[in-house]
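Thanks, everyone. Please pull the structure up on your screens, and I'll walk through it.

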Amino acid sequence: MRLSVQDLSVRYGSRKALDGIRLDARGGEVLALIGPNGSGKSSFLRAVAGLQRHGGTVSLQGATREAIGFLPQDNGARAALTVLETVLLGRRRALGWRVPEAELARAGEVLRRLGIAALAGRLLGELSGGQRQMVFLAQVLAAEPAVLLLDEPTSALDIRHALALLTLLRDLTRQRDLVTVVAIHDLNAAARFADRIALLREGRLLAAGTPRTVLTEEAIARAYRVDAHVHEAPDGHIAVSPCRALDEAG
């Protein structure tokens, strides 16, 4: 399984949100998209998902675009739906007017793996932002995609649930040989859970590679205008400690 993006460009009127991005994502690996606000991460995911007009090419080896599961930052699901109904919507291609027991069991298993099975009968409108985010991820996973595109999946989660979610995503990616691309702001989470990182700024790709090769003090200063200390954590992963914001003169 392989996702290949060549010369990907996205425009919003006269503004170019992405400019000639070339990037590959491989099955069994997590690719983290990082970069400051407005760098083009969401535009990249929407273009790959087929939801945004773009220049350049997006190709999948081993799957079609119908096999893509996309989790946006904002989800317009109706608050009147229950959690179980919302997850079953992820299987809408396989369902008729009546929901087979096997599909109910499948949805229940996804909720269990995400640790939210107890929420199955609750309405979306009753849930916290973090709980709803987990439900929408369950909906995406229920469709059994070959490609996962996730836009800030941990933004509404506390640290414990964020760690659990990223661990699960990494494990599923390896077990199912998924292509997983995650836009994320947390540089330490990217360093810990991603196999490769792509660093964007103002619609351009500044660097791509392993966390150690991309998350350097120089690259962070260039992309984020932040003076940071990059060091090794006790468990062997690299860690980023921001020190101060740099002015535009550097």
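Start with arginine 174. Its relative accessibility is 47%, so it counts as partly exposed. Keep in mind that this is a predicted model. Which residue does arginine 174 form a salt bridge with? Aspartate 195, and the closest N and O atoms are 3.2 Å apart. Arginine 174 sits in helix α5, while aspartate 195 is in the loop between α6 (187–193) and β8, so the salt bridge ties together parts 21 residues apart in sequence. Aspartate 195 is partly exposed too, at 23% relative accessible area.

Next pair. Arginine 244 forms a salt bridge with aspartate 227, with 3.5 Å between the closest N and O atoms. Here two strands are linked: arginine 244 belongs to β11 (residues 238–245) and aspartate 227 to β10 (residues 226–232), 17 residues apart. Arginine 244 has 49% relative accessibility and counts as partly exposed. Aspartate 227, at 30%, is partly exposed. There is also a network: salt bridges with shared partners join Lys16, Asp19 and Arg204.

Now a longer reach in sequence. Glutamate 29 forms a salt bridge with arginine 196, the closest N and O atoms lying 3.5 Å apart. Glutamate 29 is in strand β3 (residues 29–34) and arginine 196 in strand β8 (residues 196–201), so this pair ties together parts 167 residues apart in sequence. Buried or exposed, where does arginine 196 fall? It is at 14% relative accessibility; the cut-off for buried is under 20%, so arginine 196 counts as buried. Glutamate 29, at 23%, counts as partly exposed. The salt-bridge count for the model comes to 14.

Back to α5, and its helix neighbour. Helix α4 (residues 129–142) and helix α5 (residues 159–176) have axes that come within 13 Å and cross at roughly 5°. That makes the two helices roughly parallel. From α4, Met134, Leu137 and Leu141 meet Leu165, Leu169, Leu172 and Arg176 of α5. The contact breaks down into six nonpolar residues, no polar ones and one charged.

Last, the sheet. Three strands make an open antiparallel sheet, ordered β2-β1-β4. Why are β2 and β4 the edges? β2 (15–26) and β4 (55–61) each have a single partner strand, so one side of each has no neighbour in the sheet. Strand to strand, the twist averages 15°. β1 (residues 2–12) pairs with β4 over six bridges, in the antiparallel sense. One bridge partner to find: arginine 2 goes with glutamine 61 in β4. Helix α1 (residues 41–48) lies across β1, β2 and β4, and runs at about 115° to β1.

Terms used
Residues numbered from 1 in each chain as written. Predicted model: local features only at pLDDT ≥ 70, side-chain atom pairs only at ≥ 80, totals over all residues. Heavy atoms only, no water. Pairing = 2+ DSSP bridges. Helix = DSSP H or I, 4+ residues; strand = E, 2+ residues; numbered from the N terminus. Axes fitted to C-alpha atoms, helices over the stretch in contact; angles between N-to-C directions. Contact = heavy atoms within 4.5 Å. Parallel < 35°, antiparallel > 145°, perpendicular 65-115°, else oblique. Nonpolar A, V, L, I, M, F, W, Y, C, P; charged D, E, K, R; others polar. Salt bridge = Lys/Arg side-chain N within 4 Å of Asp/Glu carboxyl O. Buried < 20%, exposed > 50% of the residue type's maximum accessible area, 1.4 Å probe, protein only.
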